[in-house]
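Take a minute to turn the model around on your screen before reading on. Then we can walk through it together, starting from one small detail and working outwards.

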Amino acid sequence: MRQDLNAKVNLFLQCLETCDFSRARALCTDRATVWQNDGNGAQGIGESLEQFKVFAADVKSLQYDVIRRFHSSNEVFQQHVLHLNMVGGSFEEVHAVVYFRFEDDLIERIEECIYTMPKAKAP
């Protein structure tokens, strides 16, 4: 089971990297929710993916670098860095810890605490 959850989280992140939002949505339950530490509370996965889609419009490429990951029977907790190559040529890093809870092999809940690093100039 743990390997399956690991593969599903990897696939979800790959879908975000390639802006395949419909496939990312298909990996979630109908009532999946996302909570972030932005003070806005939880929202539905559809709304969250729409916001990510708007965000990704200014991104040339993005890549998740998973630092560590822990599993239980239906949960995954990970620390990662999201590397962003922006359309204007700048690079950004978003550091995050993310919790995924699964129900019937689909993502049912995502909780994410993020910290955006100050912008760096292109090398």
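In the hairpin of S4 and S5, which residue takes a positive phi? It's Gly89, with a phi near 105°, and the hairpin has four residues between its strands. Keep in mind as we go that this is a predicted model.

How far can you trust what you're looking at? The average pLDDT of the protein is 92, and 92% of the residues score at least 70. Helix H1 (residues 2-17) has the lowest confidence, with a mean of 91, while helix H2 (residues 21-26) has the highest, at 98. As a rule of thumb, where pLDDT is low, the predicted coordinates should not be read in detail.

Back to hairpins. Strands S5 (91-103) and S6 (106-116) are joined by a loop that holds Asp104, and Asp105 is found in that loop too. This hairpin has two residues between the strands. Asp104 has a positive phi of about 50° although it isn't a glycine, and Asp105, also not a glycine, has a positive phi near 65°. Those values deserve a second look because most residues other than glycine have a negative phi. As for exposure, Asp104 counts as exposed at 69% relative accessibility, whereas Asp105 is partly exposed at 38%.

Now follow the strands away from that turn. S5 and S6 pair antiparallel over 10 bridges. Glu103 has Leu106 of S6 as its bridge partner, and elsewhere Ala96 is partnered by Ile114, again in S6. S4 and S5 also run antiparallel, joined by 11 bridges. There, Glu75 stands opposite Arg101 in S5.

Zoom out and the strands add up to a sheet. Six of them form an open sheet in the order S2-S1-S6-S5-S4-S3, and the pairing is mixed. At the edges are strand S2 (42-44) and S3, each of which pairs on one side only. From one strand to the next, the twist averages 25°. Lying across S1, S2, S3, S4 and S6 is helix H3, which runs at about 90° to S2.

What fills the inside? The largest nonpolar core has 30 residues, and those with the most contacts inside it are Phe12, Leu16, Ile45, Phe100 and Ile110. Contributions of two or more residues come from H1, H2, strand S1 (28-36), helix H3 (45-56), strand S3 (59-71), strand S4 (75-86), S5 and S6. H1 gives the most to this core, with six residues. Click on Ile45 for a good view: beyond its neighbours within four places in sequence, Ile45 is in contact with Phe12, Arg25, Cys28, Thr29, Ala32, Thr33, Val34 and Ile110.

Two strand residues are worth a closer look. Leu82 lies in strand S4 and counts as buried, at 6% relative accessibility. Apart from its neighbours within four places in sequence, Leu82 touches Leu62, Gln63, Tyr64, Glu92, Glu93 and Val94. Its C-alpha is 15 Å from that of Lys53, a residue 29 places away in sequence. Glu108 lies in strand S6, and despite the charge you might expect on a glutamate side chain, Glu108 counts as buried, at 14% relative accessibility. Leaving out neighbours within four places in sequence, Glu108 is in contact with Thr29, Arg31, Ala32, Thr33, Arg101, Phe102 and Glu103.

Last stop: the cysteines. How many disulfides are there in the whole structure? A search finds zero. Cys28 is buried, with a relative accessible area of 5%, and its sulfur is 9.4 Å from the closest cysteine sulfur, in Cys15, so the two are too far apart for a bond. Cys113 counts as partly exposed at 33% relative accessibility. The closest cysteine sulfur to that of Cys113 is in Cys28, 18 Å away, which is too far for a bond.

Terms used. Residues numbered from 1 in each chain as written. Predicted model: local features only at pLDDT ≥ 70, side-chain atom pairs only at ≥ 80, totals over all residues. Heavy atoms only, no water. pLDDT = per-residue confidence, 0-100. Disulfide = S-S within 2.5 Å. Buried < 20%, exposed > 50% of the residue type's maximum accessible area, 1.4 Å probe, protein only. Core = buried A, V, L, I, M, F, W, Y, C linked by side-chain atoms within 4.5 Å. Contact = heavy atoms within 4.5 Å. Pairing = 2+ DSSP bridges. Axes fitted to C-alpha atoms, helices over the stretch in contact; angles between N-to-C directions.
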